[in-house]
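The following questions and answers are meant for a first-year student. Please keep the sequence and the structure in view while reading.

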Amino acid sequence: MSGRRLVAVVLPELLCEVAAEALFKNPEQGSLHERPLAVVLNADQTAAKLDAVNRVARRFGISTGQTIVEAQAFLSQLVVRTVALEKVQAALARVAEVALGFGSVVSVESALSLNDGRSAPDTVWIDITGAAHLRGGEQDLAEELHDQVRALGHEVRLAIASGKYIAQAIARWATPGGVIDGRATPGGIGGSSALAPRRTIVVPEAQTVSALANLPIVALPLEKERAAWLLRLGVLSIADLTSLPRKSAVSRLGAEADRVLDLCAGIDEAPLVAYRPAHRLTEERLWEQPVTGSEPLVFALRGLTSRLSARLVGRGEAAQVIELSVLLDKSIAALRKTPAVVELRFELASPLWRERELLKILCSRVERLSLKAPSVGVRCCIPSITHAVERQLDLSRALGGTFANTRGPEDLSVLLGELNADIGKENVGVLALNNDHRPEAKSLLVPALSEHDRQAVPGRAPKKRRKGPGSKLNPKSQLRKTHPSPTPAPTPETPKNFPRLIGSGASAFGGLGVMTTRLLAAPVPLKAPLKEGAVLSVGGQLYSIEAMKFSCRLDAVEWWTRPVSRDYFKVMLKGAYGVFEGLVYVELDSGKRYLQAIVD
């Protein structure tokens, strides 16, 4: 006994499921499962034989091995689709990524290893040796894995046994049963209970031989011609084969005799080839007829985000960047002179992997999308992936009570992601103080959650690296708290007396000595001279200067980029709605005057 425990996930309708995705007439109608469908692998000539047919086609008498001409002559409504082997492998890889969260090693069946007459692979294996107790036992693990693969849109047959090919044969050919407390119950391999119907098969290692005995001879990895020859000889099941003398069985099985007889005896030491997932995740949905509006895109995104989320959860990873491509009808797009692909990029504030969060962020942008041509598909790609980090459980919210319905910190990243999609990443963040002389450069908008983008302490803006010659500022660039020097000469704008400033407090702008509460988005040009009694027009309103006082001078500030030389004045402005303080500066180079901030 090897002690290994392997799960075989067999997708018996995989070829038809992959082909059905191309039968989308409208993303809101879904796949046309009720139509007879046949699949041909990598061939389009009429002499090609059918590799798979769905249940509807089988009810009409269509079977694999028939040519396309024979099948369509028998059933004119038969839909034949060609499927590339690469798409089949991509579907298996998607299932393998979901299964990564259940065992130590995951393996995908290769087309090169097929020797039983099948034309395409359909199995994924997971090594769960020593890991089943983490999911509550083998039966609970099998049920959970079955549900997750079924959510991807696949029909699933799943079995747990002690070998790779043993589990595959039981999953494909046995009747689903179960295990209750480790004892088999009546009703098939592993048993099935009327009170608790099972959708999976769990075979204890001690019952492997008896479980295999009930399987048909075609369950063994034999060539199609040899299996048909054994059936003509009357060897219908594995029990019939094991009842033959070994010498007689070897002569009938040929070169594969030792391997096949070992499988019949419950010996299966075939290793698993570990699957290595790709770093870039991509999901795509196409439809035949173009559709207009954003509602069909949102419908298709639900399926894409569900698949991406399942793959990310299985990998234990999260998305940092999402790229969404909306494919437009090429002919109409060319007629209207618009690109055939609309590219959208979502840079997430923090890594996300849950379906609800991904869908919410994507829909916030797609619902407002205006397309100039009908869409024929949508593609979602995750080029940047990192490890998913779960937050610690908040007991005050988990156990109910006052904070049961409150939102936690995990919702902040989703909100920031929506804001990034709505107004742009460059417009979302938190304000941080910056060490600068100019009032308009005193605050910076920094990312809210991206700590790796910040080189300074959280809550503090990144320190700017000065390009000047030396670590200290040039003496001319220092902020002076003195009155203007004789050069340039004093102007009549310098008043003699100035009343006590209302609301004046600690300096917010270095040496300006005034706490402004509203920094104007753009300085307002002033045409009137700066003197007491002058009338200014600001925002369509007239104000008179009641008093003014010189504050400070900036002389050649930031000389290494663009030198700034200004004289700042505090002014008391009186208008129809009262009196308020303002901050005015004069450009020393041009003599132009501007109102920059208001203390209100």
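Q: How many bridges join strand β2 (residues 37-41) to β4?
A: In this predicted model, local features need pLDDT of at least 70 and side-chain atom pairs count only at pLDDT 80 or more, while totals for chains, interfaces and linings use all residues. Residues are numbered from 1 along each chain as its sequence is written, and side-chain values use heavy atoms, with hydrogens and water left out. Strands (E, at least two residues) and helices (H or I, at least four) are DSSP runs numbered from the N terminus, and two strands pair if DSSP finds at least two bridges between them. Strands β2 and β4 run parallel, and the number of bridges joining them is 5.

Q: Which residue in β4 stands opposite L41?
A: L41 falls within strand β2, which covers residues 37-41. Its opposite residue in β4 is V83.

Q: Which strands stand at the edges of the open sheet that contains β2?
A: The sheet has 3 strands in the order β3-β2-β4, with mixed pairing. Each edge strand has a single partner strand, so one side of each is left without a neighbour in the sheet. The edge strands are β3 (52-53) and β4 (79-83).

Q: Which element gives the most residues to the largest nonpolar core?
A: A nonpolar core is a set of buried Ala, Val, Leu, Ile, Met, Phe, Trp, Tyr and Cys residues joined through side-chain atoms within 4.5 Å. Here buried means under 20% relative accessible area, exposed means over 50%, and partly exposed lies in between (1.4 Å probe, protein chains only). The largest core has 39 residues, and those with the most contacts inside it are V7, V9, L11, I126, L145 and L158. Among the elements giving two or more residues to this core are β1 (6-10), β2, β4 and α4 (85-99), and the one that gives the most, with 8 residues, is α4.

Q: Is strand β21 largely enclosed or left open by the rest of the structure?
A: The strand has 12 residues, of which 11 are buried. With that count, β21 is therefore largely enclosed.

Q: How many residues lie in the hairpin between β21 and β22?
A: Strand β21 pairs with β22 (residues 578-587) in the antiparallel sense over 10 bridges. Within this pairing, K570 has L583 in β22 as its bridge partner. The hairpin joins the two strands through a number of residues equal to 2.

Q: Which residue in β21 is the bridge partner of I545?
A: Strands β20 and β21 pair in the antiparallel sense over 10 bridges. Their hairpin has 6 residues between the strands, and E558 takes a positive phi near 55° there. The partner of I545 in β21 is L573.

Q: Which residue forms a salt bridge with D567?
A: A salt bridge is a side-chain nitrogen of Lys or Arg within 4 Å of a carboxyl oxygen of Asp or Glu. D567 is buried at 7% relative accessibility, and its partner is buried at 6%. The N to O distance is 2.7 Å, and the partner of D567 is R553.

Q: How many residues apart in sequence are the parts tied together by R246 and D258?
A: The side chains of R246 and D258 meet in a salt bridge of 3.6 Å, N to O. R246 lies in helix α10 (residues 246-253) and D258 in helix α11 (residues 257-264), so the pair ties together parts whose separation in residues is 12.

Q: How many salt bridges does the structure hold?
A: Side chains of opposite charge can pair when their charged atoms come close. One of these pairs is R259 with E256, whose closest N and O atoms are 3.6 Å apart. R259 is partly exposed at 29% relative accessibility, and E256 is partly exposed at 34%. The total number of salt bridges is 22.

Q: What is the disulfide count?
A: A disulfide is a pair of cysteine sulfur atoms within 2.5 Å. C264 is buried at 4% relative accessibility, and C552 is buried at 0%. By the distance rule, the disulfide count is 0.

Q: Where is K337, a residue with a positive phi, found?
A: Most residues other than glycine have a negative phi. Phi of K337 is near 55°, and K337 is exposed with a relative accessible area of 78%. Its place is the loop between α13 (330-335) and β13 (341-352).
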